[in-house]
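Good morning, and thank you for coming. Please look at the model on the screen while I speak.

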Amino acid sequence: MSHGLLKKEGVAQACLARYLLGERCGNRLKTIEELSSDYGLSVGLVQFALKKLESSGAVYVERRGRNGSYLVSMDHKALLAHADISNVVCAMPLPYTRLYEGLASGLKAQFEGIPFYFAHMRGSDARVECLRKGIYDLAVVSHLAAQTYLEQGDVCIVLELGPHTYVGAHQLIYRKGGEHNIRRVGLDHRSADQKIMTEVYFAGQDITLVDISYHESLYKVAKGDIDAVIWNVSREVELSSRELIAVPLSGSACFTRASEAVILTRADDILMQQLLRTMVNTTELLVHQQRVLAGQQDPSY
């Protein structure tokens, strides 16, 4: 996000544009006096800024006397130009499954008309670290992983998309006939989900954790470098071709939370939180994701 140095008039327009981006059409707006107090600007500057936004076509406000002023319509792209936001960048997992592709494609479609980009990164820890440092504006992680990041209080969940929107399901993977001889378990320490689920599933068992890269999970099991790993299977052929067995995980709510996608922002980034809640229709987003998953629509992100 780019924030330039603006003159007083520009500052007033930027503040007002950011406020309006968080409103919905039909909402009663704050009074000029309230906005003046909120942003530490003179009443005259706020009035000037609102007139500028209206004359540019960014918003249409209906004044109803003592009943107040109401937002009738707004042009999000025009408001963003006044709000001094050059783009929005979202940190996403690598798009190696149709589910991820559908999520990325659906999310981008919700921001039509707004410069919206993805930074695809392996590991939720890396995505959230970049979010915290202000490198990116949003981060997509699982609900399970998100709980570990919320503890510090510097990030927050803005949207929860429901079970099986992040991955279909995680399973325990092992070689045929090896279910009673699981001693070495693969773990990518960059994956908060895999770390938590492995700890929960193997709690109290005598195992050795072997450091691996997540994308090498099946290869490592098939080769015999490890005996088992918790992994999300997107295609059954990946298992059958290697003579591997997959057993669904059960017995803990964490396994379901690991399948749910959530979108995080920095806790102090009120503008981005307002923008997400205003722009994203979760029902439309999930329908888009399912269409990509079913092959009824090509992903575009």
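I shall speak about the nonpolar packing and then about the enclosed space.

This is a predicted model, in which local features need pLDDT of at least 70 and side-chain atom pairs count only at pLDDT 80 or more, while totals for chains, interfaces and linings use all residues. Residues are numbered from 1 along each chain as its sequence is written, and side-chain values use heavy atoms, without hydrogens and water.

A nonpolar core is a set of buried Ala, Val, Leu, Ile, Met, Phe, Trp, Tyr and Cys residues joined through side-chain atoms within 4.5 Å; buried means under 20% relative accessible area, with a 1.4 Å probe and protein chains only. The largest such core has 54 residues, and Leu20, Leu79, Leu107, Phe111 and Leu275 touch the most other members. Helix H1, residues 8–21, contributes the most, with seven residues; helices are DSSP runs of H or I, at least four residues, numbered from the N terminus. Because domain 1 (3–83) and domain 2 (88–166 + 260–294) both give residues to this core, it lies between them. The domain bounds come from an automatic or database assignment.

Where is the enclosed space? A cavity is a set of points on a 1 Å grid over the protein atoms alone where a 1.4 Å probe fits but cannot get out, and its lining residues have an atom within 4 Å of a point. The largest cavity holds about 240 Å³, a volume filled by probe spheres set on the points. Of its 21 lining residues, Tyr100, Gly123, Tyr166, Ser191 and Tyr214 are the closest to its centre. Helix H8 gives the most to this lining, with four residues.

Definitions and conventions
Buried < 20%, exposed > 50% of the residue type's maximum accessible area, 1.4 Å probe, protein only. Helix = DSSP H or I, 4+ residues; strand = E, 2+ residues; numbered from the N terminus. 1 Å grid on protein atoms, 1.4 Å probe; cavity = no way out; pocket = protein on both sides within 12 Å on 5 of 7 lines; lining within 4 Å.
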